[in-house]
Amino acid sequence: MEGSKADSSPAKERRFGMTINCYHGLMAELVLRPGRRGQLVAIAGLRWRLFVNSLRSRRGALELVSRIFIGIAFALGGFGGAFGMGVAAFFFIEQGKPELLALLTWPVFLFWQSFPIMATAFTNNPDSSGLLRFPLSYDSYFLVRMAYGAFDPATALCGLWSFGILLGVSTAKPTLLPWAVLVLFVFAAFNLLFMQMVFAWMERWLAQRRTREILGVVFVLMMLSFQLIGPIMGQFRRRSHTDAERYVQVLVPVQGLLPPGLAADAIAQGVYSRFTTGMSSLGLLCAFVLIIGYCLHLRLRAQYRGENLSEVAAAAALPRDRSLRLGWSLPGLGAPVAAVFEKEVRYLLRSGPMLLTLIMPLFVLVVFRFGAMNRAGHSGAFLARTPDMAFPAAAAYTLLMLTNLAYNNFGGDGGGIQFFYASPVRFRDIVLAKNLTHAGILAAETVVAWIAVGFLYGRPALDVTVATLAGLLFAAPVNFAAGNLLSIYAPKKLDFSSFGRQRASQTTVLISLGVQIFVVGVGAAAFWVARHYGNFWIATLLLLVLAGISLSVYGMILNRMDRLAEQRRETLVAELCRA
């Protein structure tokens, strides 16, 4: 009865009414303003009203504060990078080597395309396909998609860096300003279209589970391959200059035929006053823009015409086994906890990309080991000098890999959160089962890390092993407690068919970063004190005391899950059931 009264409170009715009026207003404006400009103005007004209305809630205010802090960090990176790019461009032209501008355009291109993929927590591209339910013209839909991409953090950063290159070039040779503006504008248009084209086609392939699993595995393998850059660069440093020059002679012509190289070459030819040759490079760059734009047009046109892929399985030719199967039984735990634990484990085992992600700590250990072996005689790598810290470092990295899971417990459930509310099960048991799943993953990975460290760096000593386990006993409850609170107060639905969109709320990202810095800092301080006195049992004692405190805090928060879930029921269901 109390829940029913709360749901029908005047404040919530007003918020619901404002949301309905907001969408009704958009429909009216799109109908009354059939022109492209009018439709874009109506959509911009809707986005603004949604933003203003979101500030009425505590979560919206926290999101704004988080965005301000993250925006300040991005601004520092953008203006700092612009200054560096400008100085480098000025130096290259002053030294008579404008062809080296490719060393600037390639990092801009790579960051512009990779950052939205690597750091999905900082990207928040709204789903423009929801606008197709309104009478929106295709031209307006295409422009809205471009506008969403233009407000991406990667676009803002790389736009500032490109502006820095422009300032450096124009300062070194003022007469080149119009030409550099034209070339860099076309280069920016290519990057924006290419990013949106990748997102659009990725969403097409991610709409079905089979292709989603394949792409997920490929993506994780790409992430793993980046870890090999250090050892590969070490191999190149040991090669003779003749071999290095041979590789450079092969790569330079190839990069000159790609958009970043074409943009740099067009500006370089302008420096030499060879504008005819520069026009050919600019023409090829424009051809890339047209090709990428056409590929994006094909995908967006299909979406506009109503293409809607689904994962509905075809009818099975053979009857399935419908016999009842008993669920798992965990000693000392109730049936609801065991059932949710089984569900979480089965979901995890069905996710190939997630399983590959869990081997990252082992892979990083291998990379660090071979990197340290390659450079041991020159740089004295940290783990090469202090092999006894390899196991604590691996355990800390293992804990960091659980951040996406532990800080958004209900993100993968989506609309299934309604079944949790409808079932006669306490939310305390549901959250406990999820935490036990994450703790089981952490324990299994810690065992694997201990074995890997034993092979690569030598078997960890008993005192180091016990101190590391005490550190995990302190750090894991802190992460689980913070993750449980953020899962209730800042939930975020995980849409596995989308690409390049935010995987967690900005509040979760900022708070989780602070928690990890605190936990790692405390653990590092405890191990530093132990190394200073030459006795790791000191670290064990300190961390066990802290573990007792963290376990008490975790238990207190866990016991309040039922009340918090009831209070935040409307927010949880609305956010996780969002289309």
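**Cysteines, salt bridges and cavities in a predicted model**

Cysteine 295, with a relative accessibility of 25%, counts as partly exposed, a class that lies between buried (under 20% relative accessible area) and exposed (over 50%), as judged with a 1.4 Å probe and with protein chains only. The structure is a predicted model, in which local features need a pLDDT of at least 70 and side-chain atom pairs count only at pLDDT 80 or more, whereas totals for chains, interfaces and linings use all residues. Residues are numbered from 1 along each chain as its sequence is written, and side-chain values use heavy atoms, with hydrogens and water left out. Cysteine 286 is likewise partly exposed, since its relative accessibility is 32%. A disulfide is a covalent bond between the sulfur atoms of two cysteines. When a disulfide is taken as a pair of cysteine sulfur atoms within 2.5 Å, the count for this model is zero.

Charged side chains were examined next. A salt bridge is defined as a side-chain nitrogen of Lys or Arg within 4 Å of a carboxyl oxygen of Asp or Glu, and eight salt bridges are counted by this rule. One of them joins aspartate 413 to lysine 343, with a distance of 3.0 Å from N to O. Aspartate 413 is placed in the loop between helix 19 (403-406) and helix 20 (417-422), while lysine 343 belongs to helix 14 (residues 335-349), so this pair ties together parts that are 70 residues apart in sequence. Here, helices are DSSP runs of H or I with at least four residues, numbered from the N terminus. Aspartate 413 also forms a salt bridge with lysine 434, and the closest N and O atoms of that pair are 2.9 Å apart. Because lysine 434 lies in helix 21 (residues 427-456) and aspartate 413 in the loop between helix 19 and helix 20, this second pair ties together parts that are 21 residues apart in sequence. Aspartate 413 counts as buried, at 15% relative accessibility, and lysine 434 is buried as well. Lys343, Glu344, Asp413 and Lys434 are linked in a network of salt bridges.

A further salt bridge brings together the side chains of arginine 428 and aspartate 429, with 3.7 Å from N to O. Arginine 428 is partly exposed, at a relative accessible area of 22%, whereas aspartate 429 is buried, at 18%.

On the surface, Leu541, Val545, Ile549, Val553 and Met556 make a nonpolar patch of about 460 Å². Patches are made of residues with over 30% relative accessible area and no salt bridge, and nonpolar side chains (Val, Leu, Ile, Met, Phe, Trp, Tyr) are joined within 5 Å; the accessible areas come from the Shrake-Rupley method with a 1.4 Å probe, and for residues only the protein chains shown count as cover. Within this patch, valine 545 is part of helix 24 (residues 537-559), and its relative accessible area of 51% makes it exposed.

In the interior, a cavity is a set of points, on a 1 Å grid over the protein atoms alone, where a 1.4 Å probe fits but cannot get out, and its lining residues have an atom within 4 Å of a point. Grid points are joined across faces, edges and corners, and the volume is the space filled by probe spheres set on the points. A search of the whole structure finds two cavities of 30 Å³ or more. The second largest cavity holds about 30 Å³ of space, and its lining consists of Leu399, Leu402, Thr403, Ala406, Tyr407, Asn479, Phe480 and Gln516. Two or more residues of that lining are given by each of helix 19 and helix 22 (462-489).

Several pairs of residues far apart along the chain were also compared by their C-alpha atoms. Arginine 58, in helix 4 (residues 58-94), is exposed at 66% relative accessibility, and its C-alpha atom is separated by 9.3 Å from that of tyrosine 489, 431 residues away along the chain. Valine 198, in helix 8 (residues 177-206), is buried, with a relative accessible area of 19%, and 8.2 Å separates its C-alpha atom from that of leucine 296, although the two are 98 residues apart along the chain. Phenylalanine 275 lies in helix 13 and is partly exposed, at 39%; its C-alpha atom is 9.2 Å from that of tryptophan 179, 96 residues apart along the chain. Finally, serine 273, in the loop between helix 12 (259-271) and helix 13 (275-304), has a phi near 65 degrees, which is a positive value in a residue other than glycine.

Note on methods. Patches are made of residues with over 30% relative accessible area and no salt bridge: like charges are joined within 9 Å, nonpolar side chains (Val, Leu, Ile, Met, Phe, Trp, Tyr) within 5 Å. On a 1 Å grid over the protein atoms alone, a cavity is a set of points where a 1.4 Å probe fits but cannot get out, and a pocket is an open set with protein on both sides within 12 Å along at least five of seven lines; lining residues have an atom within 4 Å of a point.
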